[in-house]
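Reader: Hello! I have this model open at my bench and would love a close look at one part of it. Could you walk me through chain B and how it meets its partner?

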Amino acid sequence: MDTVKTRLATVWMGGCSGCHMSFLDLDETLLELAAKVELCYSPIADAKEFPEVDVTLVEGCLANREHLAEIRHIRARTKILIAFGDCAITGNITAIRNSVPLGVVLSTAYGDPRFGQTQGVLPVLLDEAMPLHEAVKVDYYLPGCPPSAEKILDLVGSLLAGEPVNGSKRFG
Amino acid sequence: MRVRTLEIDGQMMTGAPGESIFNVAWNNGIHIPRMCHLGGLTDVGACRLCLVEVEGQSRLLPSCMTPVREGMVVRTNTPALQKHRKLIVELLLAERNHVCAVCVANGACELQDLATSLGVDHVRVRYRHPQCEVDLSHPRFGLDHNRCILCSRCVRVCDEVEGAHNWDIGHRGTNARVISDFGTAWGDSESCTSCGKCVQVCPTGALFSKGASVGEMRKDRSFLKYIVTAREKHQWIR
């Protein structure tokens, strides 16, 4: 008998993709997971539009205006939103730039304090990178830099089984 | 000496006159959360994490600074206190730049452990992201103001145990900083004996040994008990 698969999405915002790498560290367990979920949207799946899903793992913080619009869109179309890793939860490495004015960051990196902010080619950076919960409601927090594969499985596994989610045994 | 009898979390306990609620509770197995307190150093009530409810008092009292009184009724872990403590830790995390992922103390940090034990899974207040200095002028140790929570353990251990009084807290409000001598570079200090006691008592990654990379700094506080026992009881025992 076919069971209805949980619709899963993973999103990569202001992060280094390390959380996604950790997700891939599930190795052969990914096959078991694949039997239970349908991966609808992800950097490792071919999908253009963010669909209606049950669970979304969001890696990275909100660093530019595109992220901000995207997270609101995602929140409206996902039942359970998980802040996936420290950047999504605290801003972490991505937010270290916040203690320096944006113009100084850009001129240090590119020699121009307004680099990429006006041409309409790159997404315009926010003055401050911020954690997901400053813009949208977050249902679960999965800490770590990156969260270990076991921790990812622990949370996603509990959600799939409809079991209560254990609180994190660690902050940061 | 007449002991004081009081009730803490429904248990009857006794303490010596002048002894703090905090000490009596801990000696009886009730571990009130704390950050600035360290056994062997004078208490200052800087962190407010050990706040307790005392019957008949309209405000919360820091248990480390409140001496026991006869007939006192104290509650140390009510839902309201848990809520306050959680927020205090979130405020500490938001005040400076506590980036656990790249901190020398990651995995061995009292602030991180406390956040976990109080169920902090994210910080509800906005991060301030101040610009803080890192003083690497000392040949053996470093001071990263990004990680400092101004608990003043370093100030007290240097003054009370080492007797050097290299450290102090200078400036006011959010500009407050631990300072060496009169606000000069640590490496230029004339009072620092380079004993490293401040590094060992620091609860976070603010004070560290040079050469420690991410998550490599481990602190050893056992020396403090050794010195204090020797001083107070004249017993040089490990």
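Author: Happy to; what follows goes from the confidence scores to the domains, the core, one loop residue, the chain contact and then the strands.

Please keep in mind that this is a predicted model. Its scores are ipTM 0.93 and pTM 0.94. For chain B, the mean pLDDT is 96, with 100% of the residues at 70 or more.

Let's begin with the domains. Chain B splits into domain 1 (4-77) and domain 2 (83-233). Between the C-alpha centres of these two domains of chain B there are 24 Å. Where they meet, 14 residues of domain 1 of chain B are in contact with 20 residues of domain 2 of chain B. On the domain 1 side of that meeting, 10 residues are nonpolar, three are polar and one is charged.

Next comes the interior. The largest nonpolar core holds 95 residues. Val58(A), Cys61(A), Ile82(A), Ala83(A), Cys154(B), Cys198(B) and Leu207(B) are the members with the most contacts inside this core. Domain 1 (4-77) and domain 2 (83-233) of chain B each supply at least three residues to this core. As a rule, nonpolar side chains in soluble globular proteins tend to be buried together. If you click on Cys61(A), you can follow its contacts beyond four places in sequence: among them are Met13(A), Cys87(A), Ala88(A), Ala129(A), Met130(A) and Leu132(A).

Now for a loop residue that is worth a stop. Val99(B) sits in the loop between α2 (79-95) and α3 (110-117) of chain B. Why does Val99(B) count as buried? Because 20 other C-beta atoms lie within 10 Å of Val99(B), and 20 or more is the cut-off for that label. Setting aside neighbours within four places in sequence, Val99(B) is in contact with Asn92(A), Ile93(A) and Ile96(A). In its own chain, Val99(B) and Asn146(B) are 47 residues apart in sequence, and their C-alpha atoms are separated by 8.7 Å.

That brings us to the contact between the chains. Chain A contributes 21 residues and chain B contributes 18 residues. On the chain A side, helix α4 (residues 86-90) of chain A gives the largest share, three residues. The chain A side consists of eight nonpolar, nine polar and four charged residues.

Finally, the strands of chain B. An open sheet is built from three strands in the order β6-β7-β10 (chain B), with antiparallel pairing. Here β6 (134-135) and β10 (207-209) of chain B are the edge strands; each has a single partner strand, so one side of each has no neighbour in the sheet. Strand β7 (residues 141-144) of chain B is joined to β10(B) by three bridges, and the two run antiparallel. Within that pair, Leu143(B) has Leu207(B) in β10(B) as its bridge partner. You have met Leu207(B) already, among the core residues with the most contacts.

Another pair is made by strand β8 (residues 167-170) of chain B and β9(B), which are antiparallel over four bridges. Their hairpin has six residues between the strands, and His171(B) there adopts a positive phi near 70°. Opposite Asp168(B) you will find Ile179(B) in β9(B). Strand β9 (residues 177-180) of chain B shows Val178(B) and Ser180(B) on its covered face, while Arg177(B) and Ile179(B) are on the uncovered one.

Definitions and conventions:
Residues numbered from 1 in each chain as written. Chains lettered and ligands numbered in written order. Predicted model: local features only at pLDDT ≥ 70, side-chain atom pairs only at ≥ 80, totals over all residues. Contact = placed C-beta atoms within 7 Å. Nonpolar A, V, L, I, M, F, W, Y, C, P; charged D, E, K, R; others polar. Buried ≥ 20, exposed ≤ 12 C-beta atoms within 10 Å, placed from the backbone. Pairing = 2+ DSSP bridges. pLDDT = per-residue confidence, 0-100. Core = buried A, V, L, I, M, F, W, Y, C linked by C-beta atoms within 7 Å. Domains from an automatic or database assignment.
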